[in-house]
Amino acid sequence: MSKQKKKVDAIQYDYYDSEDELFIGTVSVDSIQQCEEWKESMSIKKQSVVFKLDTGAQANIISEKLFHKLSLPDNRTEKTNIKLVTYDGHKISPIGTRMLKCTFKDRKYNLKFFIVPTDSQPILSADTCSEIGAIVRVRAVDKPLTKEEVVSDYGETFKGLGTLSKTHHIEVDPLIPSVVHPPRKIPAALRDQVRTELDRMESLGVIAKQDEPTDWVHSMVVVRKPGKLRVCIDPKDLNRAIKREHYHLETIDEIVERLPKASVFSRFDATHGFWQIRLDEDSSKLLTFNTPFGRYRYRRLPFGISSAPEVFSKAVREMFVDLPGVECIVDDILV
């Protein structure tokens with residue numbers, strides 16, 4: 001084979017179906033810029049090797065030069081009569097074949113490679129790409145999923161209460177005296193509904209019963225909304241003592257300025273956003289509140305705390321900061 005690299009602008013071929021010939025496409029091409037997305041690194045003898053993912057190739061290829069660079073013993077190389085065929089019909093006689101132990105994304109594979117005399121780009125065949133999960137074949141593109149189908153197929157994702165990774169600590173000014181409020185009366189007609197909601201919040205891990213004395217005790221506030229009832233606290237005294245982080249909350253105008261050419265949007269609303277942030281033990285006790293059924297304390301960040309919007313916004317923004325095209329406004333995520 002000539003050592004001069006061939007220059008091509010397009011490749012057309014028929015897939016080979018032969019027992020003594022395997023198609024490998026191009027071995028050396030210098031006029032087509034290879035996209036990095038179609039390359040993957042795989043470890044051989046603890047050395048990283050970059051392979052081209054070639055869905056048109058029927059064999060895995062490494063060059064003789066790379067084979068010796070990896071310090072692989074020759075005595076395990078097997079002779080082969082199979083010819084490798086390039087895109088233009090040129091046939092290459094491999095030096096031999098060798099089974100190599102490879103590691104890809106922490107998983108080990110035993111793969112067969114053809115060793116070629118040309119100094120070519122290492123290639124992974126279509127079958128190997130599929131075996132190691134580097135490429136997934138999509139056989140058909142159906143109609144877009146409906147909301148109902150997504151919820152049905154990924155139901156577990158939408159159950160329960162989400163949890164962000166960090167645990168929050170509420171810092172308070174020790175010079176501001178703590179306050180203990182008595183329980184407020186609730187209408188008799190709402191008593192059972194309030195008890196049911198408290199039980200639900202406790203089962204979700206949002207609140208927990210509190211029997212030991214605490215320095216701060218707040219009043220419970222019940223807010224009626226269409227079809228549901230919300231239990232909150234009145235932390236106005238604690239808010240005066242909280243040392244806020246003063247994290248900048250971006251406005252709609254600031255975000256719009258970064259999306260001058262965007263025309264299609266998806267908006268996601270975090271369910272019970274603040275509740276997804278866990279509180280440490282000391283902060284939890286700061287949020288003890290009185291009810292007609294005894295005292296409870298929040299184990300998750302509640303609504304009404306002066307620092308809650310900035311704490312949650314910071315946590316969400318840190319989670320999506322590396323994703324281009326994603327903007328966050330408190331508990332709303334815009335894609």
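## Exercises on a predicted model

Lys314 has a relative accessible area of 29%, and it therefore counts as partly exposed. The model studied in these exercises is a predicted one.

**Exercise 1.** Describe where Lys314 sits in the chain and which residues it touches, leaving aside its neighbours within four places in sequence.

*Solution.* Begin with the secondary structure, where Lys314 is found in helix 8, which covers residues 308-320. Next, take the contacts: once neighbours within four places in sequence are left aside, Lys314 is in contact with Glu245 and Tyr247. Finally, consider Val330, which is 16 residues from Lys314 in sequence, while the two C-alpha atoms are 8.4 Å apart in space.

**Exercise 2.** Determine which residues gather with Lys101 in a patch of positive charge on the surface, and decide whether Lys101 is buried or exposed.

*Solution.* The patch brings together Lys101 with Lys45, Lys46, Arg76 and Lys108. For the place of Lys101, look to strand 7, which runs over residues 96-104. The last step is the accessibility: exposed means over 50% relative accessible area, and because Lys101 reaches 71%, Lys101 counts as exposed.

**Exercise 3.** Work out what the sign of phi is at Lys45 and at Asp106, and place each residue in its loop.

*Solution.* As background, most residues other than glycine have a negative phi. Lys45, which is not a glycine, has a positive phi near 55°, and Asp106, also not a glycine, has a positive phi of about 70°. Lys45 lies in the loop between strand 2 (39-44) and strand 3 (47-53), whereas Asp106 lies in the loop between strand 7 and strand 8 (107-116). As for accessibility, Lys45 is at 48% and so counts as partly exposed, while Asp106, with a relative accessible area of 79%, is exposed. Lys45 also belongs to the patch of positive charge treated in the previous exercise.

**Exercise 4.** Give an account of the protein chain as a whole, covering its helices and strands, its buried residues, its contacts and its accessible surface.

*Solution.* Counting the secondary structure gives 8 helices and 19 strands. Of the 335 residues in the protein chain, 37% are buried. Among contacts with a separation of 6 or more, 69% are between residues 24 or more positions apart. The accessible surface, lastly, comes to about 21400 Å², and carbon and sulfur atoms account for 50% of that area.

Notes. Residues are numbered from 1 along each chain as its sequence is written. This is a predicted model: local features need pLDDT of at least 70, side-chain atom pairs count only at pLDDT 80 or more; totals for chains, interfaces and linings use all residues. Side-chain values use heavy atoms; hydrogens and water are left out. Patches are made of residues with over 30% relative accessible area and no salt bridge: like charges are joined within 9 Å, nonpolar side chains (Val, Leu, Ile, Met, Phe, Trp, Tyr) within 5 Å. Accessible areas come from the Shrake-Rupley method with a 1.4 Å probe; for residues, only the protein chains shown count as cover. A salt bridge is a side-chain nitrogen of Lys or Arg within 4 Å of a carboxyl oxygen of Asp or Glu. Lys and Arg count as positive and Asp and Glu as negative; His and the chain ends are not counted. The place of a charge is taken as NZ of Lys, CZ of Arg, CG of Asp or CD of Glu. Helices (H or I, at least four residues) and strands (E, at least two) are DSSP runs, numbered from the N terminus. Buried means under 20% relative accessible area, exposed over 50%, partly exposed in between (1.4 Å probe, protein chains only). Contact means heavy atoms within 4.5 Å.
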